[in-house]
Amino acid sequence: MSLQHAIDDLPPTDTIDVSDPQLYLDDTWQPLFARLRREDPVHFCPDSPYGPYWSVTRYDDIMAVELNHAVYSSSSEVGGIQIADSPLGRDVVSFIRMDPPLHTVRRRTVSPIVGPSNLANMEATIRERTANVLDGLPRNETFNWVDSVSIELTTMMLATLFDFPWEDRRKLTYWSDVAVANIAAPDAPVRSDEARFAELDRMGQYFSRLWNERVNAPPKFDLISMLAHGETTRNMTPAEFVGTLALLIVGGNDTTRNTMSGGLLALHQNPDQWQKLRVNPALVPSLVAETIRYQTPVIHMRRTASTDALLCGKQIRKGDKVVMWYVSGNRDDGVIEQPDAFIIDRAKPRQHLSYGAGIHRCVGDRLADMQLRILWEEILKRDLQIEVVGPPQRIYSNFLRGFRYLPARIKA
Ligand code: HEM
């Protein structure tokens with residue numbers, strides 16, 4: 001069925017609820033959002049498992065919300081950044097859930113850590129580890145790309161960035177999964193918010209040990225040592241230190257991981273684009289940007305109106321939940337040409353919403369770009385012939401768009 005037919009067959013817009021995680025598990029969200037963008041781009045859903053909420057679905061309106069942080073708050077005190085409210089009374093200190101002026105100070109403290117000069121220092125190690133993973137993959141045998149490549153590489157990269165004890169590195173994957181788990185999902189690693197916070201406390205204790213070792217040792221090029229010795233970071237409270245690391249782990253883990261899987265799937269589904277890439281490896285940076293747009297690893301970010309406001313002619317009331325659906329903005333044909341197509345040599349590949357915009361725009365974007373660039377450079381260098389040999393299994397979540405399983409095979 002064409003996207004147009006699928007849109008026309010849908011129920012009236014006033015009954016549409018795009019918060020159902022099943023839509024993302026089944027990957028059937030596209031026609032619903034196409035309908036909303038066309039007929040009711042700022043749409044009110046009066047009743048959902050997360051309460052009433054507004055959906056912002058067009059690129060320009062999402063941008064307007066992103067850039068107006070005075071009206072649209074990220075603060076955990078009013079609900080935070082996900083359609084599901086932050087559990088009250090328990091807040092990991094983390095600047096993604098803060099408004100200025102606190103957000104400004106905290107973000108400024110951390111952002112040099114993932115800035116260009118620090119990343120340049122880590123590039124060689126990340127490349128070597130990527131090469132080892134690729135060289136160790138089986139040949140002529142089906143394996144799960146998600147676990148053997150995407151999770152393994154992002155976990156190794158995080159362990160490299162933190163100089164985290166190597167044998168324990170899968171703890172990073174686990175903590176990241178715990179922090180973002182949908183507790184209603186059948187395969188959730190934790191079943192309650194209490195269990196979630198108990199695990200995150202264990203993470204805090206582990207990281208505090210590493211901080212204490214490094215603060216008393218000479219400075220090195222890992223994020224913990226940099227934070228422990230940095231002029232602006234060495235006096236962080238333990239709570240802020242742990243919160244900052246948690247944000248870097250969660251922010252950097254699933255997102256980059258799912259882009260690694262999404263990139264392989266998109267290239268497999270578009271063999272002409274793969275051919276283009278093989279002929280012209282200089283397209284890797286543009287492939288990376290297009291993959292991040294096409295995958296849109298963060299499905300939405302939520303804000304809460306701190307005052308009454310008008311958005312696209314709709315009256316938003318103080319306290320209303322306003323959800324920016326990046327998956328939809330990235331498919332808005334008013335801004336992006338042929339948005340449902342995967343095209344690795346677009347004129348403006350970086351024109352997408354996957355990293356957000358405004359004061360909360362992803363602080364780790366250069367790091368993610370570098371990790372993904374190195375992966376594809378090393379695949380091309382080896383001329384690996386990688387096939388996807390079966391359907392993917394996706395994640396049950398309305399927040400992160402990703403994969404559990406992607407069967408792949410490399411020809412010897
Ligand atoms: C914020 C996406 C990789 C750390 C964000 C936001 C998005 C996002 C959508 C919120 C933007 C907004 O509200 O306007 C992504 C994607 C990634 C990625 C798609 C990979 C493809 C990373 C990495 C790190 C990271 C590698 C760090 C190691 C953060 C942090 C924030 C953030 C700390 C909070 C920024 C703030 O509130 O000021 N990211 N991210 N992200 N990301 Fe990323």
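# Strand partners, aromatic rings and the iron site

Me: In β12, which residue is the bridge partner of isoleucine 386?
Reply: This is a predicted model, and in it strand β9, covering residues 386-388, is joined to β12 by 3 bridges, with the two strands running antiparallel. Within that pairing, valine 388 has alanine 408 as its bridge partner in β12. For isoleucine 386, the bridge partner in β12 is isoleucine 410.

Me: Which strands are the edge strands of the sheet in the order β4-β12-β9?
Reply: This open sheet has 3 strands, and its pairing is antiparallel. Strand β4 (residues 143-144) is joined to β12 (residues 407-410) by 2 bridges, and in β12 the bridge partner of asparagine 144 is proline 407. Strand β9, for its part, is joined to β12 by 3 bridges. The strands that pair on one side only, and that are therefore the edge strands under the rule that a pairing needs at least two bridges, are β4 and β9.

Me: In what order do the 5 strands of the open sheet with mixed pairing stand?
Reply: The mixed character of the pairing can be followed at β8 (residues 321-325), which is joined to β2 by 3 bridges in the parallel sense, whereas β5 and β8 pair in the antiparallel sense over 5 bridges. The edge strands, each pairing on one side only, are β1 and β3. Taken together, the 5 strands stand in the order β1-β2-β8-β5-β3.

Me: In β8, which residue is the bridge partner of histidine 300?
Reply: On the β2 side of β8, serine 55 stands opposite valine 323, and valine 56 has methionine 324 as its bridge partner. Histidine 300 belongs to β5 (300-305), a strand that pairs with β8 in the antiparallel sense. Its bridge partner in β8 is tryptophan 325.

Me: How many of the 5 residues of β8 are buried?
Reply: In a regular strand, the side chains alternate between the two faces of the sheet. In β8, Lys321, Val323 and Trp325 point one way while Val322 and Met324 point the other way, and all are buried. Strand β8 is therefore largely enclosed by the rest of the structure, the number of its residues that are buried being 5 of the 5.

Me: At about what angle to β8 does helix α4 run?
Reply: Helix α4 comprises residues 59-67. This helix lies across β1, β2, β3, β5 and β8. Relative to β8, helix α4 runs at about 125°.

Me: Are the planes of phenylalanine 44 and tryptophan 54 stacked, tilted or edge-to-face?
Reply: By the pairing rule, which asks for ring centres within 6.5 Å, the count comes to 13 aromatic pairs. Phenylalanine 44 lies in strand β1 and tryptophan 54 in strand β2, so this pair ties together parts that are 10 residues apart in sequence. Phenylalanine 44 is partly exposed, with a relative accessible area of 35%, whereas tryptophan 54 counts as buried at 8%. The ring centres are 4.9 Å apart and the planes meet at 55°, so the pair is tilted.

Me: How far over the face of tyrosine 294 does arginine 331 lie from the ring centre?
Reply: Tyrosine 294 and phenylalanine 342 form a tilted aromatic pair, 5.2 Å centre to centre, with 55° between the planes. The pair links helix α13 (residues 284-295), which holds tyrosine 294, to the loop between α14 and α15, which holds phenylalanine 342, across 48 residues, and both tyrosine 294 and phenylalanine 342 are buried. Arginine 331 lies over the face of tyrosine 294, and its distance from the ring centre is 4.7 Å.

Me: Which arginine lies over the face of tyrosine 206?
Reply: Tyrosine 206 belongs to one aromatic cluster together with Phe162, Phe164, Trp175 and Phe207. At 4.7 Å from the ring centre of tyrosine 206, and lying over its face, is arginine 209.

Me: Which residue is the only protein donor of the iron atom of the ligand?
Reply: The donor atom is an SG, at 2.3 Å from the iron atom. The residue that carries this atom has its place in the loop between α14 and α15. The only protein donor is Cys362.

Me: What is the relative accessible area of serine 261?
Reply: Serine 261 lies in helix α11 (residues 238-269). Leaving aside its neighbours within four places in sequence, serine 261 is in contact with Trp145, Val146, Ser150, Phe403 and Leu406. Serine 261 is buried, and its relative accessible area is 0%.

Methods
Residues are numbered from 1 along each chain as its sequence is written. This is a predicted model: local features need pLDDT of at least 70, side-chain atom pairs count only at pLDDT 80 or more; totals for chains, interfaces and linings use all residues. Side-chain values use heavy atoms; hydrogens and water are left out. Rings of Phe, Tyr and Trp (its six-membered ring) pair if their centres lie within 6.5 Å; planes under 30 degrees apart count as stacked, over 60 as edge-to-face and the rest as tilted. Helices (H or I, at least four residues) and strands (E, at least two) are DSSP runs, numbered from the N terminus. Buried means under 20% relative accessible area, exposed over 50%, partly exposed in between (1.4 Å probe, protein chains only). A charge sits over a ring if NZ of Lys or CZ of Arg is within 6 Å of the ring centre and within 35 degrees of the ring normal. Donors are N, O and S atoms within 2.8 Å of the metal (3.2 Å for Na, K and Ca); water is not among the atoms, so sites may look incomplete. Contact means heavy atoms within 4.5 Å. Axes are lines fitted to C-alpha atoms, for helices over the stretch in contact, and angles run from 0 to 180 degrees between N-to-C directions.
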